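Here's a short set of exercises to work through with the model open beside you. Have a go at each task before reading its solution.

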Amino acid sequence: MAYKIVTSQCTVCGACEFECPNAAISMKRGTYVIDAAKCTECEGQFDKPQCVSVCPVDNTCVPA
């Protein structure tokens, strides 16, 4: 499984892109997206996904 970004809630702050240990987050067409093929939900690296940890808007980075 992977995470996704709810684009209608994303403020495009960029915090998640720089915190993702797998480089799974990138800017596309003016918003951030998560590449499901690269997303590991940070398992084995962190207690919870880093995109969730750093996002300033609750429920923006959610399980896909």
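**Exercise 1.** Decide whether valine 12 is buried, exposed or partly exposed, and find where it lies.

*Solution.*
Step 1: valine 12 counts as partly exposed because its relative accessibility is 33%. The scale runs like this: buried is under 20% relative accessible area, exposed is over 50%, and partly exposed is in between (1.4 Å probe, protein chains only).
Step 2: the residue sits in the loop between β1 (3-5) and α1 (15-19). Helices (H or I, at least four residues) and strands (E, at least two) are DSSP runs, numbered from the N terminus.
Step 3: check the backbone, and you'll get a positive phi of about 60 degrees for valine 12, although it is not a glycine. Most residues other than glycine have a negative phi.

A word on the ground rules before moving on. This is a predicted model, so local features need pLDDT of at least 70 and side-chain atom pairs count only at pLDDT 80 or more, while totals for chains, interfaces and linings use all residues. Residues are numbered from 1 along each chain as its sequence is written, and side-chain values use heavy atoms, with hydrogens and water left out.

**Exercise 2.** Which residues does glutamate 41 contact, and how far away is the nearest side chain of opposite charge?

*Solution.*
Step 1: locate glutamate 41 in the loop between β3 (31-34) and α2 (50-54).
Step 2: look for a charged partner. Glutamate 41 is buried yet has no salt bridge, and lysine 4, the nearest side chain of opposite charge, is 12 Å away. Here Lys and Arg count as positive and Asp and Glu as negative; His and the chain ends are not counted. A salt bridge needs a side-chain nitrogen of Lys or Arg within 4 Å of a carboxyl oxygen of Asp or Glu.
Step 3: list the contacts (heavy atoms within 4.5 Å). Skipping neighbours within four places in sequence, glutamate 41 touches Met1, Ala2, Tyr3 and Pro49.
Step 4: zoom in on alanine 2, whose backbone nitrogen lies 3.5 Å from a polar side-chain atom of glutamate 41.

**Exercise 3.** Is cysteine 42 buried or exposed, and which residues does lysine 48 touch?

*Solution.*
Step 1: cysteine 42 is in the loop between β3 and α2, and so is lysine 48.
Step 2: cysteine 42 is buried because its relative accessible area is 6%. Lysine 48, at 44%, comes out partly exposed.
Step 3: cysteine 42 is not a glycine, but its phi is positive, about 60 degrees.
Step 4: leaving out residues up to four places away in sequence, lysine 48 touches Cys42 and Ser53.

**Exercise 4.** How do β2 and β3 pair, and which residue in β3 is the bridge partner of isoleucine 25?

*Solution.*
Step 1: β2 (residues 25-28) and β3 are antiparallel, with 4 bridges. Pairing requires at least two DSSP bridges between the strands.
Step 2: match the partners. Isoleucine 25 goes with isoleucine 34, and lysine 28 goes with threonine 31.
Step 3: inspect the turn. The two strands form a hairpin with 2 residues between them, and arginine 29 in the turn has a positive phi of about 50 degrees.
Step 4: compare two β3 residues. Threonine 31 is buried at 14%, whereas valine 33 is partly exposed at 28%. Beyond four places in sequence, threonine 31 contacts Thr7, Cys10 and Ser26; for valine 33, the equivalent list is Ile5, Ala24, Ile25, Ser26 and Lys28.

**Exercise 5.** Which residues touch the most other members of the largest nonpolar core?

*Solution.*
Step 1: set the criterion, namely buried Ala, Val, Leu, Ile, Met, Phe, Trp, Tyr and Cys residues joined through side-chain atoms within 4.5 Å.
Step 2: the core has 14 residues, and Ile5, Ile25, Ile34 and Cys51 touch the most other members. At least two residues come from each of β1 and β3.
Step 3: follow isoleucine 25 outwards. Its contacts more than four places away in sequence include Cys16, Cys20, Tyr32 and Cys51.
Step 4: for contrast, try aspartate 58, in the loop between α2 and β4 (61-63). Aspartate 58 is exposed, at 66%, and its C-alpha is 18 Å from that of isoleucine 25.

How values were computed. A polar contact is a pair of N or O atoms within 3.5 Å; within protein, one must be able to donate a hydrogen and the other to accept it, and residues adjacent in sequence count only if both atoms are side-chain atoms.
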